[in-house]
Each structure stands twice: as structure tokens, then as C-alpha cells.
Amino acid sequence: MIKIFRTIRQRMLKENLPDRQAGRFSRYFLYAIGEIVLVVIGILIALQINTWNEQRKIKAEEVKLLKNFMTTLQGDTAQFHYYIEEFTTIQNSINILITHLDEDRPYHNGLPFHFLNSTAVWSPGIDLGVFSTLASTDLNIISNDSLKQSIVDYYAFANRDFRPLTQKYQEIIYHASRELFNTRFDQLWNTSGRAMIPHDYGSLKTDKEYNFFLHSLKNQLFYLVQDPLRKANDKAGALIRSIDHEVNELTHR
């Protein structure tokens, strides 16, 4: 671009004017204008290059941030899969106990494990580290507004729904351990022996309080833990796919 302007300026300076003095003045004037134009163009090009560099840096930071989010989400999903399996075994134990008590089935040595497992407490969670760090600075580094909103929604779900519901389930078990299990079983969470032995198995069959707890626990397990876990897993999976797509878009622009 500068070369083109320089060529034009030189051609103009070579033109013959009728008045020698006027021509000399015109040449000086055109030369000064040409130099100014060249300086302005140089400044504009430098500004454009600087803008490109800044945009490249911002894009690199955005890609790095999104990859950190994706790593965190992959950790969340690995945890979700683990706890979904664990709580499925708890659901199975609750069902086995309900069947034995409701159908007046005889006691056998496998039942102490199911009494133990039905009271298991796990603490599934969603890693808030990356989001909390970024939220305290500037989330606007993410250029895709739709993706940014999806990220915000996921962590809002973590704080508003997932954590309170799973904590409520834990509180139910803790309350039962103080008010219910202590008078009906030898001990709680004997993980070394993998057993929780009832004082009187026969009496549990007609124990209205314990049976109410057991039947209710089956529903509470679903609504407070299993359903939120599945929702969290679905949300995290969808978000991982969206972030992966956005990273590919940013790195190939």
C-alpha cells in the first residue's frame, strides 16, 4: 500500500508545470502531503497489526479457558457415572429389604449387607473451582453468548438444585441413624464386616416406623439423588460437546 502511494507521488512530482517557481512549490507541497500520507498509512497498519495480535491473545485465552472447563466437566461426568452405579446398588438393597419384609420372607446371611448398604451415604458433587475463579474476574472472555449462558446454567443447577437435594438425602440418613437405627441394629456402617445386623428381624416386619422409612427412602433416593445425578450427567455431557465444538471453531478461524 505504501509503495503504491510513493509511486503516485513520484509521478506527480515529475509533471511539468508552466511556471518554474510555482512548479517547485507544488513539488514541495506534494512531497510533504505524500510523506504525511505514508506516515498515516504506517500508523494505521501498525494499529491493525496490534489489534490482530490482541485478538489472537484473547482467542488463545478463551480456548485455554474452555479447555479447562471441559477438563472439569469430564471429571464431573466420571464422578457421576461412579455414583450412578453406587446408588443403583443402594436402590437394589432397598428393594430386596422391602420384598423380604412385605412378603414375610425368612432371614438369611445376605440381608445384613443390604441393611448396611441401604443406609450408605455418598457425597456426589460438581466441581465449582474453574467457574468460581472465572466468575470473580470476567466471564465475558467467552465470545459465544449461547455457550456462556449454558455454562452459567450448568453451575446454577449445581448450586440451586444438585447440591441442596443430595445434601437433603444425607440429612435423612443421618437423622434415621440417630432416631431409628440405634434401637433396631447392632451398629451403623460396619464396613469392615460389611454388615448391619438387626436386633430382631421378625419385629422389623411389623415395625411401622421402620417400614415407613424404608418405603419412603426408595422414593427419596430417586427424587433427591438418582434423578439429579442423571440430569447433571446429561447437562455435563451436552456442555462438553458444545465446548468441544466451540474450541474447534476458534482454532480453525
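1. The secondary structure of the chain consists of seven helices and zero strands, helices being DSSP runs of H or I with at least four residues and strands runs of E with at least two, numbered from the N terminus. Along the sequence the pattern reads α-α-α-α-α-α-α.

2. The model is predicted: local features need pLDDT of at least 70 and side-chain atom pairs count only at pLDDT 80 or more, whereas totals for chains, interfaces and linings use all residues. Residues are numbered from 1 along each chain as its sequence is written, and side-chain values use heavy atoms, with hydrogens and water left out.

3. Of the 253 residues of the chain, 35% are buried, that is, under 20% relative accessible area with a 1.4 Å probe, protein chains only; exposed means over 50%, and partly exposed lies in between.

4. The largest nonpolar core (buried Ala, Val, Leu, Ile, Met, Phe, Trp, Tyr and Cys residues joined through side-chain atoms within 4.5 Å) has 56 residues, of which Ile126, Ile151, Tyr210 and Ile243 touch the most other members. The largest share of this core, 15 residues, is supplied by α7.

5. Which residues does tyrosine 210 touch, not counting those up to four places away in sequence? Among them are Leu97, Phe115, Arg184 and Leu204, a contact being heavy atoms within 4.5 Å.

6. Aspartate 200 lies in the loop between α5 and α6. Aspartate 200 counts as partly exposed because its relative accessibility is 42%. The C-alpha atoms of aspartate 200 and arginine 184 are 7.3 Å apart, with the two residues 16 apart in sequence.
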